[in-house]
Amino acid sequence: AHLQEMHRRGVHFGQVAIWRQAFLGGTLDHHTLVFEYTASMRHMSLKLDWGREGLAFVDSAEDPSLDGDIIVRTWCRLTPAHLEVLLLDVKCKKYILTSWNCQHFAQHFFDRAMEATQNLTTISGATSPESLVALEF
């Protein structure tokens, strides 16, 4: 319902990132997927967490992880409706420490967001944001 409401408001995600937060004295990392967008002139973050209890999310203007750091971040062109379709693809998956944990979840959706952006860029004939980084001005 939240993603549908975001879509109705015309939200488009502009960046996607994987954040890492150390726990258990730094022996383990928890990975979180963060989609960034602008709403009402504010920088917002939709934080998706995957764990033993399943999927949880927080949509906020607050820093997604005060004591975490960004592993990877890139531009994306994804709508909340598209994200919802991607989430439905893994709806039946269960948390499995060795094969479908928070790291697998975050990387899976980061890759899907990049694929969707590349597909849109190819269809539109526009220059991809990643290739703009390599240009010298």
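# A tour of the model, pocket by pocket

Start by selecting F23, L28, D29, H30, Y95, L97, N101, C102 and Q103: together they line the second largest pocket. A pocket here is an open set of points on a 1 Å grid over the protein atoms alone, with protein on both sides within 12 Å along at least five of seven lines, and a lining residue has an atom within 4 Å of a point.

Before you go on, know that this is a predicted model, so local features need pLDDT of at least 70 and side-chain atom pairs count only at pLDDT 80 or more, while totals for chains, interfaces and linings use all residues. Residues are numbered from 1 along each chain as its sequence is written, and side-chain values use heavy atoms, leaving out hydrogens and water.

**Stop 1: stay at that pocket**

The volume of the second largest pocket is about 160 Å³, meaning the space filled by probe spheres set on the points, which are joined across faces, edges and corners. Which element gives the largest share of this lining? Colour β2, which supplies three residues. β2 (28-39) and α3 (102-124) each bring at least two residues to the lining. By type, the lining of this second largest pocket splits into five nonpolar, three polar and one charged. Here Ala, Val, Leu, Ile, Met, Phe, Trp, Tyr, Cys and Pro count as nonpolar, Asp, Glu, Lys and Arg as charged, and the others, Gly among them, as polar.

**Stop 2: the largest pocket**

Now select A1, H2, L3, L46, L48, L55, F57, E84 and L87, which line the largest pocket. α1, β3 (42-51), β4 (54-60) and α2 (80-89) are the elements that give two or more residues to this lining. The largest pocket has a volume of about 190 Å³. Sort its lining by type and you get seven nonpolar, one polar and one charged.

**Stop 3: zoom out**

Switch to a cartoon view. The protein chain has four helices and five strands; helices (H or I, at least four residues) and strands (E, at least two) are DSSP runs, numbered from the N terminus. Trace the chain from the N terminus and the order is α-β-β-β-β-β-α-α-α. Of its 137 residues, 36% count as buried (under 20% relative accessible area; exposed is over 50% and partly exposed in between, using a 1.4 Å probe and protein chains only). Look, too, at contacts, meaning heavy atoms within 4.5 Å. Take those with a separation of 6 or more: residues 24 or more positions apart account for 56% of them.

**Stop 4: A17, on the inside**

Select A17, in strand β1 (residues 13-23). Is A17 buried or exposed? A17 counts as buried because its relative accessibility is 0%. Leaving out residues up to four places away in sequence, A17 touches T32, L33, V34, E36, I70, V72, R73 and F110. Try a distance as well: A17 and K47 are 30 residues apart along the chain, and their C-alpha atoms are separated by 9.5 Å.

**Stop 5: two loops**

In the loop between β3 and β4, pick E53. E53 is exposed because its relative accessible area is 78%. The C-alpha atoms of E53 and K94 are separated by 9.1 Å, with their positions 41 residues apart along the chain.

Next, go to the loop between β2 and β3 and select S40 and M41, which is found there too. Most residues other than glycine have a negative phi. S40, though not a glycine, has a positive phi of about 50°, and M41 has a positive phi near 65°. S40 is exposed at 70% relative accessible area, and M41 is exposed at 81%.

**Stop 6: the cysteines**

Select C92 and then C102. C92 is exposed, with 70% relative accessible area, whereas C102 is buried at 6%. How many disulfides does the whole structure hold? A search finds zero, where a disulfide is a pair of cysteine sulfur atoms within 2.5 Å.

**Last stop: how sure is the model?**

Colour by pLDDT, the predictor's confidence in each residue, from 0 to 100. The chain has a mean of 85, and 86% of its residues reach 70 or more. Among the elements, helix α1 (residues 2-8) has the highest mean, 95, and helix α4 (residues 129-134) the lowest, 47. Over residues 129-137 pLDDT stays under 50, and the model has six contacts beyond four places in sequence for them. Where pLDDT is low, the predicted coordinates should not be read in detail.

Notes
1 Å grid on protein atoms, 1.4 Å probe; cavity = no way out; pocket = protein on both sides within 12 Å on 5 of 7 lines; lining within 4 Å.
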